[in-house]
Amino acid sequence: MSGPVVLGIESSCDETGAGIVRDGRLLAHVVASSMDEHARFGGVVPEIAARAHLHSFDPVIRQALDRAGLRLNQIDAVAVTTGPGLSGALQVGLAGAKTLAYAAGVPLYGVHHLAGHVAADTLEHGPLPRPCVVLIVSGGHTSLLLVRDLVREPILHLGDTLDDAAGECFDKVARILSLPYPGGPAIDRAARDGDPRAVAFPRPLTRPGDDPYAFSFSGLKTAVARWAEKHRRRGQEPPVADGAAALQEAVADVLTRKAVAACRDHDVRTLIVVGGVAANSRVRALAERRCASAGIELRVPPLTLCTDNGAMIAAVGDLLVRSGAEPAPLNVSVDPSAPLEYASLTPLPAPPVTVSA
């Protein structure tokens with residue numbers, strides 16, 4: 001007998017995603033991105049993102065159902081990102097998810113966006129090893145986690161970014177080097193023609209005495225800015241390819257060095273790298289080399305599941321349903337700055353304020 005069918009919805013930033021999962025198997029996966037609309041501003045504009053979600057929501061849901069060969073009345077549960085993310089964008093996704101859950105008469109599950117990134121790997125490689133170390137690297141987050149049971153136990157943070165995340169650093173440096181938005185793919189493309197040893201950019205928080213698992217990329221961004229400014233003061237344009245390659249090498253070095261150290265220190269044999277920056281070619285290659293040298297299994301989702309998508313939210317919903325987790329009440333709210341503690345994220349609205357006469 002097949003398990004329940006879970007529809008997952010993601011709208012935390014500039015992608016409207018819908019995915020359908022049953023028993024850990026991906027049945028359908030559709031994403032509509034408003035990235036092109038934000039590119040001319042050099043970053044995501046919340047109001048534009050929210051409007052784009054409104055336009056894309058129904059078509060994305062219909063396409064996902066069509067690709068899975070299902071109708072709404074064949075869905076057994078709906079899972080939706082309720083945080084963290086852009087408030088207006090999250091509200092659009094949650095309102096739509098509530099409507100679908102109510103219309104289908106099925107339970108609704110609120111999911112933490114970052115837990116979705118972790119669960120994305122299960123759609124390609126199966127259940128998460130217990131325990132495993134997870135490196136989340138994206139535009140807004142860089143974290144090292146120790147995960148035992150994603151949906152039943154608290155998620156232990158070994159280290160987080162103290163300022164700019166790795167993806168944020170790529171975006172900011174891309175602007176400095178006059179590369180297009182989003183910065184991550186642009187840096188990766190430019191670096192192909194550069195020499196990663198051309199510039200000795202710093203490796204933040206890697207000296208003895210530094211927090212072994214914390215990250216900081218703001219200073220690295222500043223180092224690139226000063227390097228570029230030095231060239232421009234001489235009336236020269238900086239060698240973009242070399243700068244991109246050297247920056248990418250510094251970021252990949254720090255990320256993979258700390259992730260492998262976390263595995264060794266906690267006697268964990270599997271490292272999982274997820275999030276949008278997991279699509280970076282140098283991060284993947286260096287992680288593969290260092291994990292192979294250390295005897296650590298490396299798991300990275302396919303490129304299509306690294307960036308934000310509904311499939312990863314459906315994957316968490318599928319795990320929650322099969323674990324017997326309690327669904328969220330239909331009056332669940334969003335939490336744009338939710339910390340990652342549990343995969344299920346169902347904060348309730350604050351109680352109404354009463355005003356005495």
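The accessible surface of the protein in this predicted model comes to about 15500 Å², and carbon and sulfur atoms account for 51% of that area. Turning from the surface to the interior, 52% of the 357 residues count as buried.

The overall dimensions can be described in two ways. Along its principal axes, the C-alpha trace spans about 65 × 55 × 45 Å. The radius of gyration of the protein is 21 Å, and because a compact globule with 357 residues would have a value near 21 Å, the two agree.

Within this fold, the chain forms 12 helices and 10 strands. Among the contacts in the protein with a separation of 6 or more, 73% join residues that stand 24 or more positions apart.

The charged side chains comprise 34 positive and 38 negative ones, and the centres of these two sets lie 4 Å apart.

How confident is the predictor, on average, in the protein, and what share of the residues score at least 70? The average pLDDT is 94, and 96% of the residues score at least 70. Two stretches with low values deserve separate mention, and the table lists their contacts beyond near neighbours in sequence.

| Stretch | pLDDT | Contacts beyond near neighbours in sequence |
|---|---|---|
| Residues 347–351 | below 50 | eight contacts |
| Residues 353–357 | below 50 | zero contacts |

Residues 347–351 therefore call for careful reading, since pLDDT is the predictor's confidence in each residue, from 0 to 100, and over this stretch the value is below 50.

Notes: Residues are numbered from 1 along each chain as its sequence is written. This is a predicted model: local features need pLDDT of at least 70, side-chain atom pairs count only at pLDDT 80 or more; totals for chains, interfaces and linings use all residues. Side-chain values use heavy atoms; hydrogens and water are left out. Contact means heavy atoms within 4.5 Å. Helices (H or I, at least four residues) and strands (E, at least two) are DSSP runs, numbered from the N terminus. The radius of gyration is taken over C-alpha atoms; the globule rule is 2.2 Å times the number of residues to the power 0.38. Buried means under 20% relative accessible area, exposed over 50%, partly exposed in between (1.4 Å probe, protein chains only). Accessible areas come from the Shrake-Rupley method with a 1.4 Å probe; for residues, only the protein chains shown count as cover. Lys and Arg count as positive and Asp and Glu as negative; His and the chain ends are not counted. The place of a charge is taken as NZ of Lys, CZ of Arg, CG of Asp or CD of Glu.
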